[in-house]
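Here are my notes on the model, set out as numbered points. They take the ligand site and then the cysteines.

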Amino acid sequence: MVLDRTAFEQFLAQLGRGIQLVAVSKIQAPGNILTLYEYGQKDFGENYVQELVDKYEQLPKDIRWHFIGHLQSNKVKFIAPFVYLIHGVDSEKLLVEINKQAVKNSRVIDCLLQVHIATEDTKFGMNEEELANTIANCSGLKNVKIVGLMGMASFSEDVDQVRKEFKYLKLLFEKYKATSSENVALRYLSMGMSNDYKMAVEEGSNMVRIGSLIFGARPTF
Ligand SMILES: *Cc1c(COP(=O)(O)O)cnc(C)c1O
């Protein structure tokens with residue numbers, strides 16, 4: 001069940017000013033997205049390319065669509081015409097492909113570099129060295145702009161571990177924020193989901209990706 005307007009406004013109020021909410025709408029019906037849109041929410045996050053394209057076609061054109069899932073290079077072309085921000089850029093190769101598709105669409109596409117901060121190997125993201133190399137090598141990619149970092153903490157009850165991971169990402173964010181160039185200007189630190197966003201915000205997140213807390217549990221088929 002989607003939050004009603006009052007509950008949604010309370011949610012935004014406790015989240016605090018300056019923290020951008022990306023409402024994660026994967027697997028949610030377009031009608032639920034419209035409900036939040038009518039409350040004034042404009043930023044939505046999706047994980048699957050085909051689902052995102054379908055929803056883009058059906059829903060109001062001033063929605064800012066964030067791609068937050070794992071993006072395969074061969075699918076960039078489908079979202080390049082309209083995507084607002086790609087959160088999960090986890091390789092230089094992917095960034096090169098995004099740049100190529102951005103050129104074709106005469107756009108500059110904003111990207112976040114995803115850093116692997118969790119203990120699980122299954123999660124995607126760059127290590128520190130790959131991050132450094134990507135930032136050092138991207139100056140020729142004129143049609144992408146690196147505007148921040150994204151990370152997913154371990155799915156764990158160990159709050160000390162999760163906090164440590166957020167602190168680590170914040171440290172990297174501060175480091176690269178200081179070394180900006182033409183197409184690197186870090187503004188967004190995308191970390192925190194329904195179960196850990198409060199801690200993420202305490203540790204410096206300014207963009208949270210929240211699904212189940214505002215939409216209710218995701219439907220299963
Ligand atoms: C699904 C998802 C979220 C939101 O998860 P909730 O637990 O429903 O808030 C956030 N980020 C990513 C990358 C996701 O895949």
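**Ligand site and cysteines**

1. Start with Ser212: an N or O atom in its side chain is 2.7 Å from an oxygen atom of the ligand. Taken alone, the ligand exposes 390 Å², and the protein buries 91% of that. Keep in mind that this is a predicted model.

2. Two further side chains make polar approaches. Lys26 places a polar side-chain atom 2.7 Å from an oxygen atom of the ligand. Arg209 places a polar side-chain atom 2.9 Å from a nitrogen atom of the ligand.

3. Which residues surround the ligand? Val24, Lys26, Asn47, Ile68, Met152 and Met193 belong to the shell. So do Ser194, Arg209, Ile210, Gly211, Ser212 and Arg218. Ser212, Lys26 and Arg209 from the points above are thus among the surrounding residues.

4. How does the shell around the ligand divide into nonpolar, polar and charged residues? The split is 5 nonpolar, 4 polar and 3 charged. Val24 and Ile68 are among the residues around the ligand, as are Asn47 and Arg218.

5. Where does the ligand sit with respect to the pockets? The space taken by the ligand is the largest pocket.

6. Now the cysteines. How many disulfides does the distance rule give? The count comes to 0. A disulfide needs two cysteine sulfur atoms within 2.5 Å. The closest cysteine sulfur to that of Cys111 is in Cys138, at 9.8 Å, so the two are too far apart for a bond. Seen from Cys138, the closest cysteine sulfur is that of Cys111, again too far for a bond.

7. Are these cysteines buried or exposed? Cys111 has 0% relative accessibility, so it counts as buried. Cys138 has 2% relative accessibility, so Cys138 counts as buried too.

Methods:
Residues are numbered from 1 along each chain as its sequence is written. This is a predicted model: local features need pLDDT of at least 70, side-chain atom pairs count only at pLDDT 80 or more; totals for chains, interfaces and linings use all residues. Side-chain values use heavy atoms; hydrogens and water are left out. A residue is near a molecule or strand if one of its heavy atoms lies within 4 Å of it. A polar contact is a pair of N or O atoms within 3.5 Å; within protein, one must be able to donate a hydrogen and the other to accept it, and residues adjacent in sequence count only if both atoms are side-chain atoms. Accessible areas come from the Shrake-Rupley method with a 1.4 Å probe; for residues, only the protein chains shown count as cover. On a 1 Å grid over the protein atoms alone, a cavity is a set of points where a 1.4 Å probe fits but cannot get out, and a pocket is an open set with protein on both sides within 12 Å along at least five of seven lines; lining residues have an atom within 4 Å of a point. A molecule sits in a cavity or pocket if more than half of its atoms lie within 2 Å of its grid points. Ala, Val, Leu, Ile, Met, Phe, Trp, Tyr, Cys and Pro count as nonpolar, Asp, Glu, Lys and Arg as charged, and the others, Gly among them, as polar. Buried means under 20% relative accessible area, exposed over 50%, partly exposed in between (1.4 Å probe, protein chains only).
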